[in-house]
Amino acid sequence: MNIREIMERKRAWQAHQKRVKTLPKDYQIVYGEMQKYLFKVGPVDQEEGTNLLTGIVDLFEEGAASGKSVLEVIGNEPAAFCDDLLGETKTYADLCQETVESSVKQALK
């Protein structure tokens, strides 16, 4: 990745964060927690993660515009909502599980 690509990604991330700041406070709080969760267990592929977060902001903007509360949009379990969004995407959690399974198999040989 060259410096231009880094700068473009940084600008895109800053624009994304500005969109989040325009959401109602309850949406911002839930988005922040979902973002933390996805950074811990989310997609291994950075582009997939970015697209996922952008999609969440799109959904939140629509929900806020229609006057719904954030929990009316995603339900009462934000982590479960995130897990559903991830579907079959390879995640950091998957990598950790694979590492543990591999270590156990090696140790028991």
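Angles between helix axes under 35 degrees count as roughly parallel, over 145 as roughly antiparallel, 65 to 115 as roughly perpendicular and the rest as oblique. The model is predicted, with local features needing pLDDT of at least 70 and side-chain atom pairs pLDDT 80 or more, while totals for chains, interfaces and linings use all residues. Residues are numbered from 1 along each chain as its sequence is written, and side-chain values use heavy atoms, without hydrogens and water.

The axes of α1 and α3 (helices are DSSP runs of H or I, at least four residues, numbered from the N terminus) lie 10 Å apart at an angle of about 25 degrees, where angles run from 0 to 180 degrees between N-to-C directions and axes are lines fitted to C-alpha atoms over the stretch in contact. The two helices, α1 and α3, are therefore roughly parallel to each other. On the α1 side, Arg9, Trp13, His16, Arg19 and Val20 meet Gln46, Leu53, Thr54, Val57, Asp58 and Glu61 of α3, contact meaning heavy atoms within 4.5 Å.

The largest pocket (an open set of points on a 1 Å grid over the protein atoms alone, where a 1.4 Å probe fits, with protein on both sides within 12 Å along at least five of seven lines; lining residues have an atom within 4 Å of a point) has a volume of about 520 Å³, the space filled by probe spheres set on the points. Its lining holds 21 residues, of which Gln46, Glu47, Gly49, Thr50 and Asn51 are the closest to the centre. Helices α1 (3–21), α2 (25–41) and α3 (46–65) each supply at least two lining residues, and α3 gives the largest share, eight residues.
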